[in-house]
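I opened a new notebook page for this one. My plan is to look at the ligands and then at where the chains meet.

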Amino acid sequence: MSARVSAAKAGKALAAACDNVRPGAADDAVGAVVPSFVAAPSSTAQASALLRACAEHDLAVLPRGSGSRLSWGVPPARCDVVVDMLRMGAVIEHAAGDLVARVQAGARMADVASALATAGQEIALDVPGPATIGGVLADALAGPRRLRYGTPRDLLIGITVVRADGTVAHSGGKVVKNVAGYDIGKLFTGSAGTLGLITEATFRLHPRPAARAWVTARVQGTAPEVTTMAAAMVAAAANSPLVASAVELDRPAPGGPISVGVLLEGSADGVAARAREMEGLLGSLAQVPVSVAAPPDWWAGIPTVEGGAAEHTLMRVSFWVSRLGGVLDAIDAAARETGLRPAVGGSAGAGLLYVTLPGGAPGEAVARFAGRVRAAIPAGRGSAAVLAAPEAVRGALAGTAGLAGTAGLAGTAGLAGTAGLAGSVPGLALMRAVKDQFDPGHRMAPGRLTWA
Amino acid sequence: MTISSLVPRMTRICGPGNVVTDPLELRTYECDGLTSHRATPALVVLPSDADQVAAVVRECAAAGIPFVARGSGTGLSGGAVPREDGVLIVMSKMRRVLEVDPVARRAIVEPGVTNLAVTQAAAPHGLFYAPDPSSQVVCSVGGNVAENSGGAHCLKHGFTVNHVTGLEVVTPSGELTWLGDGTGVPLGYDLLGAFTGSEGTLGIATKVVVKLTVAPQVVHLVLAGYATLADGGRAVSDIIAAGIVPAAIEMMDALSIEAAEAAVACGYPQGAGAVLLVELDGPAAEVEAELATVMKLIEAAGATEVRTADDPAQRFAIWKGRKAAFAAVGRLAPAYIVQDGVVPRTALGDVLARISALSASSGIRVANVFHAGDGNLHPLVLYNDAVPGEAERAEEVSGAILDACIDYGGSITGEHGVGVDKSRYMPRMFSDDDLDTMQLLRCAFDPASLCNPGKVFPTPRLCGEVPGHRRAPHPAVVAGQAAVSREGDPPHPPMEIF
Ligand SMILES: Cc1cc2nc3c(=O)[nH]c(=O)nc-3n(C[C@H](O)[C@H](O)[C@H](O)COP(=O)(O)OP(=O)(O)OC[C@H]3O[C@@H](n4cnc5c(N)ncnc54)[C@H](O)[C@@H]3O)c2cc1C
Ligand SMILES: Cc1cc2nc3c(=O)[nH]c(=O)nc-3n(C[C@H](O)[C@H](O)[C@H](O)COP(=O)(O)OP(=O)(O)OC[C@H]3O[C@@H](n4cnc5c(N)ncnc54)[C@H](O)[C@@H]3O)c2cc1C
C-alpha cells in the first residue's frame, strides 16, 4: 500500500467490513512496524468480510490476541492491518456432560478457566500470562502439565478459521472422537498467524482435580554429579506409575544447585498418599525432598535473570528426556566458554527447557552459546531455538545460528540445528508448500516465520 | 510409460520375489477389512526399507501412476483398496522395532510392525503403547497412523495422534523427510498431526516414533448387566459427572451379547438388555477410591449383576467378549455393515432410540456395540444378501444412522476413517469451503493427486499447475509377463530389538 489514495480507499473498505476499525497507534507497533489500521471484528462473519477486504486491497494482516508475545520472534516484514481478537471473547458452548467447550479465539485463557470451573472442568493447559485462546493455539504453547495432558493440539477437537482470502472453514467438530477429513486444527497450531485467522476453537475438557501437591527436591554439590542426579530424579519422577502431571526443573545459575518439582493431581487422599510415595522415590536419590501445597515460586515461569526482559535472549531447548543430563552439561559448558550466565528452567520431564541469557550479551557469544547447546542434541532428536532476542543479537544470529520465529521455529539458517532423524530439516519444504496454498499472496503475518 | 514397463525397475528396487504380477496373487490384495469394495491392483510391490519405498514412489511419480499404501489390510473403510491402474505398496516386509528408549519413553518402529508388537517390545521396561484397536494383533502401526486409530482405552489415554511424536515419510513426489523430531515439542506447522489420520493420502510413513506410556500400578475392570441400554447409560453419565475418567467405558446391547456368547462363550449375564464394561487404571492410591464410587453408581443405576476383575487373566476373559463382538455378529446374519458414527455422549440415548426405530420400521436388525464414554457407536447393520433388496435397505438404514449422528452434532466416523466407504457422506458434515480448505493440504503434499487418490473426498480439487501427467486406467498386467512368486518368503521377518 503505497499511495495515500489507496490507503483511504482501503480504510473505507475495512470499515464497511467491520464495525470497529481505527488507525494504528504507536503502541500497536510490532517491533518498529506500526500498522495502518487496527480492526476488531465481533464475529467470524465480520472477520471473514475483513480478510476479504484485506485481500482485495493487498493489505498485510497480523492477528493479535492479548499482544503479550508479539515482541517475541521476528517483527513482521509488513503489517497494514492488526486484527485485534479481543472482542471475540465468549465461551459459546459448554457441554459439561460431554466434557467439551467451544470458545471464541479472543477469549482469555483465565476467563475461560473461570467459566469452566463452575462445572468443575478445565482446558488442561496451564500457560501463564494474559494469553488468549488464539495466541496459545497459534504459538502452540503449553505449561508444565504438558507432561500429562500434552500441548494445545492434543486438546483441540474442532476449529473455525478464516483464510487469507476471507473463506471461512471448519474442521473437526464437537465430539472428542472424530477422524472425518483432514485435521486443519493441527495445521493451525504453531502457525503463528501465518496461515489465517483462528476465530473459534472447540476443546476436550478434563475434570478439575480436587487436590494438588508439589514435591520438590534440591540437588547441590559438584558438577557433573549435580546434573547426573537431577536427570535421574527427573526420569524417575516422569516414568513413575504414580503419574506425575508435571516434572519441572529450575537452575537459576550455571553450575549451581538444581531444583526438581513434581506436580501430583487427583483426589485429596490419593494425592497425599502419592506425594509421600514420590518423596520416597526422590529421597532415595537426593537430598530430602519436601511436599508442599503450593507451587514453588519458580514454577511455570520463564527463568529470569537480572535486567529488563526486552534485553534478554530466550531459548527453547527440546530433546529426548534420556539426553537431559547431557543437555544440562552442555549448557554449563557453553556458559563457561562464552562467559554468559544463563538461568535454566522448564518441563524437563517432557524434554523441554527454557534458557534465559542476560541482556547486553554480545550477539556473537549468544550464537556460540546456542551452537554449543545444539551440538549436545543428537541430530533430529530435538532443537535449540531462539524465541526472543534484542535486535543486535538477532542480527548476529541471522548470519550464523539462526533465529526462531514466533512459533519457536528457527530461521532457515538455524534449522540446521533442528535437523530431522534423517539429517534434513523436518518437513520444511512441505511447510512452505502449505503456506503457499493457504496464503498465496503471503499477506498473513509475512516474515514472522522467517522461513515461510 | 505403462505399468508393465515399471516391472523391471520395481524388481531392481525391491528385489525379485518382492514384486507381484501374477493375476491370481494380485487378487489377494483386492480389498481390506471392508470386503464390499474391491479392485485388483495392476502391480504389488513389497519394499524392505524406506529408501526402497522412496524409489518406488519416485518411479510412480515420474510415470504419473497412482499408488496406494497397504499395511495389514484390516481397515474398515476401504482405505487400502488398490487402484486397477496403479501400484500397491505393501509394508509387510518393514517390521523391525528399531529402537526402544525407556528413559525417554519412545520407540522407533517400521510401519509394518503390528500394534501389539510395540507393546511387547515396551513391556520389559514397564511401558506399553496406549492406542489399542481391537485388531491390534494384526493391524500395523503405519495403518494406525493413517487412520488415527483408537481403541477401547482411548477415552483416557488418547488416540494414535496423541502417541506419535515423529514420522519419517516418503512424500508423494518420492522424497524422504521427517515430520516432528520425536520430542513432542512442536516446530512450526503441526504437519505430523495433520498427516496422522490422513488415510494414506499425503504420503507413506516409513518410520514411526511412538510415545510409550508407563504401565499403570493397578487396573480394575467392572462388568455390569442391565435390563436396558438406558439403565446402563445412566450409570455412564453418573460416572462422568462424578469427575472420573475411566480408561474405558464400553457397552453392548442384547443382540451383540448374544452373538459374543455364541462365538467365544464369554459368560456375560444371560438375558441382559445391556452389558457395561468400565475399566479404571492408575496409581493404587487413586483407583481404589474411584472403584468404590463407580461400584456405588453402577448399583444405583439398577445393575442386575456386577462382577469385577483385577488380574490380567480375568480381565482378558471379560474383554474377550467385547473384542470379539464384530466378528461374532457374523453368526447372526450372512452379512453386515459396521458403522462408526459418533455423537456427543449425552445424546447417546436419543440416537440409540432412533436406531431402534429405524430398525423396527425397516425390518433390518441392528446390533449395537459402542464406546459409551466418548459416544462412538458401532451399530452392526445385519442383512441377508441372498434376499433381493435387503442389502439396499441395510445400506439405507446405515446412512440414516449417520444422518442421526450428524443431526446431533456428531461425526460420520470416530476411528475407522472415511476411505472410499464414507466419502459420499462428507458433504453432509462439511461445507464445500471446509472440504476445499482441507484439500489445500492435499495440494501442498500431492499436487498430482497420485497418492491414494479417490479416498476421503467426494470430489478432488484441482491444484493448479500439476506436474507430471495422469494416465487412463490401465487394463491389467500385460500377458506374457513372468509371474513372480512369493513362496518361501518368511511371512514375518524376525523382530529385532536394539
Ligand atoms: C512456560 C511459559 C511461560 C510464560 N510466561 C509468561 C509470562 O510470565 N508472562 C507473559 O506475558 N507471557 C508468558 N508466556 C507467554 C504467554 O503464554 C503468551 O503471552 C501467550 O501464549 C500469547 O497469547 P496472546 O493472546 O498474548 O497472543 P499474542 O501475543 O497476541 O500473539 C501470539 C501469536 O499468535 C498469533 N495469533 C494470536 N491470535 C491469533 C488468532 N486468533 N489467529 C491466528 N493467530 C493468532 C499472533 O499473530 C502471534 O504470532 C509464557 C509462555 C510459556 C510457554
Ligand atoms: C476386527 C477388527 C477390529 C477393529 N477394531 C478397531 C478399533 O478398535 N479401533 C480402530 O481404530 N480401528 C479398528 N479396526 C480398523 C483397522 O484395524 C484400523 O483402521 C487399522 O489401523 C488399520 O491398520 P492396517 O495395518 O490394517 O491398515 P490397512 O487396512 O492396510 O490400511 C489402512 C489405511 O492406511 C493406509 N496405510 C497403511 N500403511 C500406511 C503407511 N505406512 N503410510 C501411509 N499410509 C498407510 C492405507 O493406504 C489405508 O488408507 C478394526 C478392524 C477389524 C477388522
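**Ligand 1, in chain A**

I started with a nitrogen atom of ligand 1, which sits 2.9 Å from a polar backbone atom of Ile198(A). Worth jotting down before I go on: this is a predicted model.

Next I checked how much of the ligand stays uncovered. On its own ligand 1 exposes 970 Å², and the protein buries 90% of that.

Then I looked at the oxygen atoms. One of ligand 1's oxygen atoms is 2.7 Å from a polar backbone atom of Pro63(A). I also found an oxygen atom of ligand 1 lying 2.8 Å from a backbone N or O atom of Gly67(A).

Which residues are closest to ligand 1? I get Pro63(A), Ser66(A), Ser68(A), Arg69(A) and Thr132(A), out of 33 residues that surround the ligand. So Pro63(A) turns up in my notes both as a backbone partner and in that closest group.

I wanted to know which elements build this shell. In chain A, β3 (61-64), α4 (133-139) and β10 (196-204) each supply at least two residues. The largest share is from α4(A), with 5 residues. Sorted by class, I have 18 nonpolar, 11 polar and 4 charged residues around ligand 1.

**Ligand 2, in chain B**

I moved on to ligand 2 and went for its oxygen atoms right away. A polar side-chain atom of Ser135(B) lies 2.5 Å from an oxygen atom of ligand 2. For Ser72(B), a backbone N or O atom is 2.8 Å from an oxygen atom of the ligand. I noted Gly143(B) too, where a backbone N or O atom is 3.4 Å from an oxygen atom of ligand 2.

Taken alone, ligand 2 exposes 980 Å², of which the protein buries 93%.

How many residues are around ligand 2, and which come nearest? There are 32, and the nearest are Ala69(B), Thr74(B), Gly75(B), Ser135(B) and Ser140(B). Ser135(B) is the side-chain partner I had just written down.

For the elements of chain B, I listed β3 (67-70), α5 (141-147) and β10 (204-211), each with at least two residues in the shell. Here α5(B) has the largest share, 5 residues. The class count around ligand 2 comes to 10 nonpolar, 18 polar and 4 charged residues.

**Where chain A meets chain B**

Last stop was the interface. I see 85 residues of chain A and 83 residues of chain B in the contact. Together the chains bury about 6600 Å², with 62% of it on carbon and sulfur atoms. Which residues of chain B lose the most area to chain A? They are Trp178(B), Leu187(B) and Tyr189(B), together 13% of what that side buries.

I then searched for charged pairs and got 5 salt bridges across the interface. One of them joins Glu415(B) to Lys177(A), with the closest N and O atoms 3.0 Å apart. The polar contacts across the interface come to 29 residue pairs.

On the chain B side, the elements that give two or more residues include β5 (97-101), β9 (176-179), α10 (284-300) and α16 (432-445). The most comes from α16(B), with 11 residues. My final tally for that side of chain B is 41 nonpolar, 26 polar and 16 charged residues.

How values were computed: Residues numbered from 1 in each chain as written. Chains lettered and ligands numbered in written order. Predicted model: local features only at pLDDT ≥ 70, side-chain atom pairs only at ≥ 80, totals over all residues. Heavy atoms only, no water. Contact = heavy atoms within 4.5 Å. Buried area = accessible area lost by both parts, 1.4 Å probe. Salt bridge = Lys/Arg side-chain N within 4 Å of Asp/Glu carboxyl O. Polar contact = N/O pair within 3.5 Å; in protein donor to acceptor, adjacent residues only side chain to side chain. Helix = DSSP H or I, 4+ residues; strand = E, 2+ residues; numbered from the N terminus. Nonpolar A, V, L, I, M, F, W, Y, C, P; charged D, E, K, R; others polar. Near = heavy atom within 4 Å. Areas by Shrake-Rupley, 256 points an atom, 1.4 Å probe, with all protein chains shown as cover.
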